[in-house]
Each structure stands twice: as structure tokens, then as C-alpha cells.
2 protein chains.
Amino acid sequence: MTSAKPAPPAIQVIPVPGIPEVRPGDDLAGLIAGAADLLDGDVVVVTQKVVSKAEDRLVAIDPEVGHKPLVERESVRILRRRGDLIISETQHGFVCANAGIDLSNVEAGQAALLPVDSDRSARRIRDALRHRFGVDVAVIVSDTFGRPWRRGVTDVAIGCAGLRPVVDLRGTTDALGRELQVTEVAIVDEIAAAAELVMGKAYGIPVAIVRGVDPEWFGDGGVVADVVRAPGEDLFR
Amino acid sequence: MTSAKPAPPAIQVIPVPGIPEVRPGDDLAGLIAGAADLLDGDVVVVTQKVVSKAEDRLVAIDPEVGHKPLVERESVRILRRRGDLIISETQHGFVCANAGIDLSNVEAGQAALLPVDSDRSARRIRDALRHRFGVDVAVIVSDTFGRPWRRGVTDVAIGCAGLRPVVDLRGTTDALGRELQVTEVAIVDEIAAAAELVMGKAYGIPVAIVRGVDPEWFGDGGVVADVVRAPGEDLFR
């Protein structure tokens, strides 16, 4: 098959161990820069959990009532309920279980809410890494979502900075010169999924570096603006 | 944060250029072994398109009627229609656009249907690589699907061999010793997504190697058996 572009280099997905337990007010960019050898052009993927902790999005859960009132408060629309599970839409437009509220890896009796603006969270980390540590990287904030029709969760992006989240190949021709039918690839979610392979629930590593992605993918954009589908163009809401 | 397991090694995602245009009856395992330096423990990701071509799943499209009758024939259930787009369930249980029928990168007037049994397709490639080329790898057949609620397509697995598609972390404790809330990770889809970053629509590369994944993920399983959600446990069908 003739390549439409030259073959890209290999991509490396590098775990960043050694980040201490993150607490409210912690300097996440400083912790990342201290634990990782970053290069210009890297994509730094940070899990929602440590971003929420650093931004003090921890709330107490009343053991009498459980987490359901909190889920309802953090939702703008409930899509489905089954038993303890609520699938809802958050104020960001994310559709996920329990409004993205995280009960694992936080102290008992506490929950971690999603960042208020996860694109801004990514932008802050990116700006701090650039201005204080002199390295020009893109940043993704990732979270673990289920999906309909398929079992198992995967990591997706809930925020990004320095990256075009969806790469539009519309008008590009394929290897046989025909216009491509499928056009918009959510590379931000594919990078988040790749990062999860070395962070994982099992390893407890909150940061990974994805090195070697196509430099053309760097640019401006946000997950809420570019990835969240408007209800009107969504066939399943 | 204390790691529940030691930090894993970095993962490499390596494109495999140099595979010629695949034709019906071609020996895909031989083409892959000829183009790639495979190691035991690699995951070889192969796009559906070349698998469908090698398995002669190409059909002519009648220009008078277009692809819609074909989509309906390949579907067991239509979920949504909007304009030219049909979201349907295939006989495998995949929910995707146009029953997974591929009109790009095939000759004009032709379409590529999904493999009849994409887990078996993966198994055949894996077995051939092991028996004829002496290398013990897992194989994923990947395809590009849209998703509800989020813009942009991503690659997922439609078949696999030698790999546990969903890794069950139920009962494992997190870094703070609490039982993990989110338990089943669809690593097979995360690996397919990672591979797409170097194959991509833009590069026209149909095979990638994902090297360095956790050896505990190797084992038995299939995408249809382990990833496809039964309609009864699905909240969105």
C-alpha cells in the first residue's frame, strides 16, 4: 500500500512513577517536572484524580445518604438509571457514570469531583511547564469512562491544551486517491487510551508521557469545545 | 502515590510500513512477518480493511442503489438513521455506522464487508506467525468506529487472539487500600487506539506493533465473547 505520508516514527508511552500522593493546593506542574524528563513535543497525560485533588475538588460524602445526591447535583441531565448506577450528563457535557465522581483512590468518606474546567486545568499545567520549566509540551487530563454497547472502561480525554483534539482529514485522499470517508479522528482520546496502558488502575501511576506524536497535531483546541457533541447532533441523547 | 505494582516499562507503538496492497487470498501473516521484526510478547494490530481484503470480503456496489441495501443486509438491527448515516448492529454484535462496511481504500464501486468472524481472523494470523515464523505474539484486528456523545472516531478491536480483551481488576485494592470501584478495563480497545496513532488514515499503514504490554494480559479471549455487551445488559439499545 502506498503511504499518503511517509511512515511516522514509533511512539513511546512512558510511565512517570515517583509522583507523591497529591494534596489540595499542590503544584502539579512542579511535581511532574520533578519526576519526568520532558522533551519539547511530548504529550503529558495526567489523570483526573490528581488534577481534582490538586484543585481541591474533594468533598465529604454523608454516609447516611451515600453518593447519589452528589451525583444528581453534579448532573445537568440523567440519561439512565439501573440499580446504583446513574448515567448522566455533566455541566461540561460529558456523558458518564455517576457524573464522573470518583470514589476510588481518595480517602474513605470522600469523593473527587471533576475539575470545574478540565481544559483550563490542562492549560494551567502546560503554561506552568513552559514558563517555569522551559519545555513546550501538550497536556491531556484523562478520565476513565464506560461506553454503551461494549464492555470494559477505557480512558478518554476530559481536557487538553496545546493539541488539536480532533484531527480533520476531510478532503485528504486515501492511498488509492479516493476522498476519505471517515474524516475526523479523536486523537486526544486515542492518546489518553494509550497512556492508560502504562498508568492503569493496577499501577497507581497518575502521569504518563506520550512521545513522538505527529507534530501537525499540535495546536489549539479543547475537549469541551471540540469533542463534546452538542445534544442536537447526537443520535443517542 | 504508592504503586500497587512496580512501574511497568515504557510501551512502544511501532508502525509497520512496506506491506504491499493486499489482495484476496493473500497470505497476511507472511506479509506481516516479511515487513516487521516481531518479538515474543508483541501485540500485532492489523486493520480490518486488509483482513477483509485478504479474506475476499469485497463486494460490488450497484451504483443505481448505492450502499444502503448492503448496510441493511449486513445489519441485524437498525438503531438510528439520519440522512445517509445508518447506525446498526451487525451479526457480530458490533454497533457502528453502516454495519462496518468500508468504502474507503477499496476500488471505486467496491466495498469491504467486515470479516465473518474477526476473532477467528486474528487467531489465524497469530497461529500462522507462531507455527511458520516461530514468534509468539497476540493479534488484534482493529476498526474505526464513531461513538455517541463524543465527536471524532477512534479505533477499537473487532477481533483478538492471545490476549485477554478485558482485564478484570475486581477485588484488587487501589493505592490507598480501598477496593477499586472501576474494575474492567478494555485493554484490547486501548491497544487498538494506541496503534491507530501510527497507522492513521493519513499514513495508510495497515499494521502496527505494540511492544511492552503487561505479560499478565496475555491469555485467551475474544472480542465478540468478552467485549460485545449483550443487549440485555446494555442501557442504550
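**Exercise 1. A central strand of chain B**

Find which residue stands opposite B:Val46 in β12(B), and then describe how β2(B) is placed among its neighbours.

*Solution.*
Step 1. The residue opposite B:Val46 in β12(B) is B:Val207. This pairing, like everything below, is read from a predicted model.

Step 2. B:Val46 and B:Val207 belong to a longer pairing: β2(B) and β12(B) are joined by four bridges in the antiparallel sense.

Step 3. β2(B) also pairs with β8(B), residues 138-145, through five bridges, and here the strands run parallel. Within that pairing, B:Val43 has B:Ala138 as its bridge partner.

Step 4. Now look at the side chains. B:Val43, B:Val45 and B:Thr47 point one way from β2(B), while B:Val44 and B:Val46 point the other way. The residues on both sides are buried.

Step 5. Since five of the five residues of β2(B) are buried, the strand is largely enclosed by the rest of the structure.

**Exercise 2. One side of a helix**

Which residues of helix α1 of chain B are buried, and what covers them?

*Solution.*
Step 1. Helix α1 of chain B spans residues 28-35, and its buried residues are B:Leu28, B:Ala29, B:Leu31 and B:Ile32.

Step 2. These residues lie on the same side of α1(B), because they cover an arc of only 160 degrees around the axis.

Step 3. The cover over the buried residues of α1(B) includes β2 (43-47), α2 (48-54), α4 (118-133) and β12 (207-211) of chain B. The strands β2(B) and β12(B), paired with each other in Exercise 1, are thus listed again here.

**Exercise 3. A strand of chain A with two partners**

Which strands of chain A pair with β12(A), and in which sense, parallel or antiparallel?

*Solution.*
Step 1. Strand β1 of chain A, residues 11-15, pairs with β12(A) over four bridges in the antiparallel sense. In this pairing A:Ile14 has A:Ile209 as its bridge partner.

Step 2. Strand β2 of chain A, residues 43-47, pairs with β12(A) in the antiparallel sense too, over four bridges. Here A:Val45 stands opposite A:Ala208.

Step 3. β12(A) itself, residues 207-211, is mostly covered, with five of its five residues buried. A:Val207, A:Ile209 and A:Arg211 point one way, and A:Ala208 and A:Val210 point the other.

**Exercise 4. The nonpolar core**

How many residues does the largest nonpolar core have, and which residues does B:Val13 touch?

*Solution.*
Step 1. The largest nonpolar core has 145 residues.

Step 2. The residues with the most contacts inside this core are A:Ile140, A:Ile191, B:Val13, B:Ile140, B:Ile191 and B:Ala208.

Step 3. Take B:Val13 from that list. Leaving aside residues up to four places away in sequence, B:Val13 touches A:Ala10, A:Ile11, A:Val13 and A:Ala194 in chain A. In chain B, B:Val13 touches B:Ala194, B:Ala195, B:Leu197, B:Val198, B:Ala208 and B:Val210.

**Exercise 5. Two domains of chain A**

Describe chain A as a whole, then state where domain 1 of chain A touches domain 2 of chain A.

*Solution.*
Step 1. Chain A has six helices and twelve strands. Of its 237 residues, 52% count as buried.

Step 2. Among the contacts in chain A with a separation of 6 or more, 66% come from residues 24 or more positions apart.

Step 3. The domain assignment divides chain A into domain 1 (12-56 + 116-228) and domain 2 (58-114). Taken over C-alpha atoms, the centres of these domains are separated by 23 Å.

Step 4. 13 residues of domain 1 of chain A are in contact with twelve residues of domain 2 of chain A. On the domain 1 side, the elements that give two or more residues are α2 (48-54) and β8 (138-145) of chain A. α2(A) gives the most, with four residues.

Step 5. By class, that side of domain 1 of chain A has five nonpolar, four polar and four charged residues.

**Exercise 6. Two positive phi angles**

B:Asp56 and B:Trp149 each have a positive phi without being glycine. Is each one buried or partly exposed?

*Solution.*
Step 1. Most residues other than glycine have a negative phi.

Step 2. B:Asp56, with phi near 55 degrees, is in the loop between α2 and β3 (58-60) of chain B. B:Asp56 is partly exposed, because 13 other C-beta atoms lie within 10 Å.

Step 3. B:Trp149, with phi of about 75 degrees, is in the loop between β8 and β9 (154-161) of chain B. B:Trp149 has 22 C-beta neighbours inside 10 Å, so it counts as buried; the cut-off for buried is 20 or more.

Technical notes:
Residues are numbered from 1 along each chain as its sequence is written. Chains are lettered from A and ligands numbered from 1 in the order in which they are written. This is a predicted model: local features need pLDDT of at least 70, side-chain atom pairs count only at pLDDT 80 or more; totals for chains, interfaces and linings use all residues. A nonpolar core is a set of buried Ala, Val, Leu, Ile, Met, Phe, Trp, Tyr and Cys residues joined through C-beta atoms within 7 Å. A residue is buried if 20 or more other C-beta atoms lie within 10 Å of its own, exposed if 12 or fewer, and partly exposed in between; C-beta atoms are placed from the backbone. Two residues are in contact if their C-beta atoms, placed from the backbone, lie within 7 Å. The arc is that of the directions from the helix axis to the C-beta atoms. Domain bounds come from an automatic or database domain assignment. Ala, Val, Leu, Ile, Met, Phe, Trp, Tyr, Cys and Pro count as nonpolar, Asp, Glu, Lys and Arg as charged, and the others, Gly among them, as polar. Two strands pair if DSSP finds at least two bridges between them.
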